[in-house]
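Ready for a few exercises? Have a go at each task with the model in front of you, then read the solution step by step.

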Amino acid sequence: MNKLRIVFMGTPEFAVGILDTIYNNNYDIAAVITAPDRPAGRGQKVKYSAVKEYALEKGLQVLQPTNLKDESFLTELKALNANLQVVVAFRMLPESVWKMPELGTFNLHASLLPQYRGAAPINWAVINGESTTGVTTFFIDDKIDTGAMILKEEVSIGENETAGELHDRLMELGKGAVIKTLTLIEEGKADTTIQQDTDDIKTAYKLNKDNCKIDWSKTGAQIHNLVRGLSPYPAAWTYFTDNGQEWNVKVYETAFESVTPNEEEGAIVSTKKDIKIAVKDGYLNIKSLQFPGKKKMAAHELLNGMQFSDTAKAL
């Protein structure tokens, strides 16, 4: 039986749910490592990571190294005398860090590895129209999300489920997976499976402005999946143009109508209540969106204050 002393590493809200479960199951948490504080928002006020806020609330020691290879940090980490490290939504670790504890370092990843290795597995599973996903725990090695797998838990994805909704469900699933993994390691029963690379592996690329932009030449289903896969954050976006004006618009919710369109791709068809965009195989009904300088709103709310002409387009 291994008595665990844990260092936890993570940054966003997803990691908080896992840390909370470890804490509430009375594991010995030597310290929490998270991202350095950064200025955020219009006022550029210093903002703590979600994990730091939780750790401070629970009185846990917090380390925020800017360089994970720094000798002073490595000395401080070693002095914690942890025998296991648990990583959830953190950055890539150098070998000097992940090899340090006697029982290794394991990561919780929000996909069924080897599928969707990378920074945004929840988003890409939805964007690509997957019907199932899950979580995987694995021992970290020298590459990204390639280490020997400990266990997997699977869940179905709803037809219109957003990345935000799936995030919350996977966090709950991940809580159980991490506790099961800790139990296996405690009992010396953490058998592993080597990941097998195949030609059909999909990658969870980092999200950026380019891959979040809507391409109106794609099918209605593909665009609908992009929108829900980026909702509520960072949000799919497009340009609306009308009468010489152009707006950068975020789109949060859509519904696809499979019919033969009468207009060219990207044409905006609006009434007093609806905004629809013509695509190659139908119309995408925009349910909620956000114009520059305005709050997120339902389409009918926007149409209370503005109307589109017959020449309006989404680009």
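**Exercise 1. Find which loop holds proline 232, then look at the peptide bonds around there.**

Step 1. Proline 232 sits in the loop between helix 7 and strand 12. Helices here are DSSP runs of H or I with at least four residues, strands are E runs of at least two, and both are numbered from the N terminus.

Step 2. Check the bond before it: serine 231 and proline 232 are joined by a cis peptide bond, with omega about 10°.

Step 3. Move along to proline 234, which is also in the loop between helix 7 and strand 12. Tyrosine 233 and proline 234 are joined by a cis peptide bond too, and here omega is about 5°.

Step 4. For background, most peptide bonds are trans, and most residues other than glycine have a negative phi.

A word on the ground rules: this is a predicted model, so local features need pLDDT of at least 70 and side-chain atom pairs count only at pLDDT 80 or more, while totals for chains, interfaces and linings use all residues. Residues are numbered from 1 along each chain as its sequence is written, and side-chain values use heavy atoms, with hydrogens and water left out.

**Exercise 2. Work out how strand 12 and strand 13 are connected.**

Step 1. Locate strand 12 at residues 236–242 and strand 13 at residues 245–257; they run antiparallel and are joined by seven bridges. Two strands count as paired if DSSP finds at least two bridges between them.

Step 2. Pick one bridge: threonine 241 has glutamate 246 in strand 13 as its partner.

Step 3. Look at the turn. The two strands form a hairpin with two residues between them, and asparagine 243 in that turn has a positive phi of about 50°.

Step 4. Follow strand 13 to another partner, strand 16 (residues 282–290), which pairs with strand 13 in the antiparallel sense over seven bridges. Valine 251 stands opposite leucine 289 in strand 16.

**Exercise 3. Trace the seven-stranded open sheet and say which helices touch it.**

Step 1. Write down the strand order, 5-2-1-6-7-9-10, and note that the pairing is mixed.

Step 2. Find the edges. Strand 5 (62–63) and strand 10 (149–156) each have a single partner strand, so one side of each has no neighbour in the sheet.

Step 3. Zoom in on strand 9 (residues 132–139), which runs antiparallel to strand 10 and is joined to it by seven bridges. Threonine 136 stands opposite lysine 152 in strand 10.

Step 4. Now add helix 1, which packs on the sheet and touches strand 1 (5–10), strand 2 (28–33), strand 6 and strand 7. Contact means heavy atoms within 4.5 Å. The direction of helix 1 makes about 165° with that of strand 1. Such angles run from 0 to 180 degrees between N-to-C directions, with axes fitted to C-alpha atoms, for helices over the stretch in contact.

Step 5. Helix 6 lies across strand 1, strand 6, strand 7, strand 9 and strand 10, and runs at about 150° to strand 10.

**Exercise 4. Check the span of helix 6 against its number of residues.**

Step 1. The expected span is 1.5 Å times one less than the number of residues. For the 24 residues of helix 6, that should give 34 Å.

Step 2. The end C-alpha atoms of helix 6 are 33 Å apart, which agrees.

Step 3. Look just past the helix: glycine 188 follows, with a positive phi near 70°.

**Exercise 5. Which loop holds asparagine 81, and what is its phi?**

Step 1. Asparagine 81 is in the loop between helix 3 (71–79) and strand 6.

Step 2. Its phi is positive, about 55°, although asparagine 81 is not a glycine.
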